[in-house]
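Have the model open in your viewer and turn it as you read. We'll start in the sheet and work outwards from there.

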Amino acid sequence: MDWTLIPEPELSPALEASIRNMLVASFPDYVEFFSANSYWGSTPEYRLLGLDGSDQPAAHLEFGYRQIMVGEAPFQIAGIGAVAVHPSYQGKQVGK
């Protein structure tokens, strides 16, 4: 498994389509949603992908920075979403 961090603006349409396919396989209850979207929530800033031997996504994690307020103090946090491992790779400690 090759791990790669991709900034969202560098994500190719073909790779995004592959991510959607992987998310559909990983979340069968959300086929309609992930058939049209390759992320959950707001557009992420980065994708961490585990690519299999044929450069297809086998694992996915999206994240982006968000600013929240705690009382009157601003804090920067990282929002994480659409954490998934393709069913073919589940149980093999890919997400560990």
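Find G64 to begin with: facing it across the strand pairing is G79, in strand β4. This is a predicted model, so take what follows as a reading of a prediction. The two glycines sit in a stretch where β3 and β4, the latter covering residues 73–85, run antiparallel and are joined by 11 bridges. Follow the chain round from β3 into β4 and you go through a hairpin with 2 residues between the strands. One residue in that turn, G71, has a positive phi of about 65 degrees.

On the other side of the sequence from that hairpin is another one. Strand β2 (residues 46–51) pairs with β3 (residues 57–70), again in the antiparallel sense, over 6 bridges. If you want a landmark here, use G50, whose bridge partner in β3 is A59. This hairpin has 5 residues between its strands. D55 lies in that loop between β2 and β3, and its phi is positive, near 60 degrees, even though the residue is not a glycine.

Now zoom out to the whole protein chain. There are 2 helices and 4 strands, and reading along the sequence you meet them in the pattern β-α-α-β-β-β. Taken along the principal axes, the C-alpha atoms fill a box of roughly 50 × 30 × 30 Å. The accessible surface comes to about 6100 Å², and carbon and sulfur atoms own 53% of it. Of the 96 residues, 31% are buried. As for contacts with a separation of 6 or more, 48% of them link residues that are 24 or more positions apart.

What is packed on the inside? In soluble globular proteins, nonpolar side chains tend to be buried together. Here, the largest nonpolar core has 12 residues: I6, L11, L15, I19, M22, L23, V24, F34, L49, L51, A82 and A84. Helix α1 (13–26), β2 and β4 each supply at least two residues of this core. The biggest contribution is from α1, with 5 residues.

A84 is a handy place to see how the pieces come together. Setting aside neighbours within four places in sequence, A84 is in contact with M22, L23, S26, F27, A58, A59 and H60. A59 may look familiar, as the bridge partner of G50. From that list, S26 deserves a stop too. S26 lies in helix α1, and at a relative accessible area of 13% it falls under the 20% limit and therefore counts as buried. Beyond its neighbours within four places in sequence, S26 is in contact with A84, V85, H86 and P87.

Next, look for the aromatic rings. The count comes to 7 aromatic pairs. One of them is Y30 with W40, an edge-to-face pair with 5.6 Å from centre to centre and 90 degrees between the planes. Y30 lies in the loop between α1 and α2 (31–36) and W40 in the loop between α2 and β2, so this pair ties together parts that are 10 residues apart in sequence. Are these two rings buried or exposed? Neither quite fits: Y30 is partly exposed at 41% relative accessibility, and W40 is also partly exposed, at 43%. Step back a little and you'll see that ring pairs link F27, Y30, F33, F34 and W40 into a cluster. Two members of that cluster have come up already: F34 belongs to the largest nonpolar core, and F27 is in contact with A84.

Finally, run down to the end of the chain. K92 lies over the face of Y89, at 5.8 Å from the ring centre. Then comes Q93, in the segment after β4. Like D55, Q93 is a residue other than glycine with a positive phi, near 60 degrees. Q93 is exposed, with a relative accessible area of 60%. G95 lies in that segment after β4 as well, and it is exposed at 65%. To close the tour, put G95 and L5 on screen together: they are 90 residues apart along the chain, and their C-alpha atoms are separated by 15 Å.

Technical notes: Residues numbered from 1 in each chain as written. Predicted model: local features only at pLDDT ≥ 70, side-chain atom pairs only at ≥ 80, totals over all residues. Heavy atoms only, no water. Pairing = 2+ DSSP bridges. Core = buried A, V, L, I, M, F, W, Y, C linked by side-chain atoms within 4.5 Å. Buried < 20%, exposed > 50% of the residue type's maximum accessible area, 1.4 Å probe, protein only. Contact = heavy atoms within 4.5 Å. Phe/Tyr/Trp six-rings, centres within 6.5 Å; stacked < 30°, edge-to-face > 60°. Lys NZ or Arg CZ within 6 Å of the ring centre and 35° of its normal. Areas by Shrake-Rupley, 256 points an atom, 1.4 Å probe, with all protein chains shown as cover.
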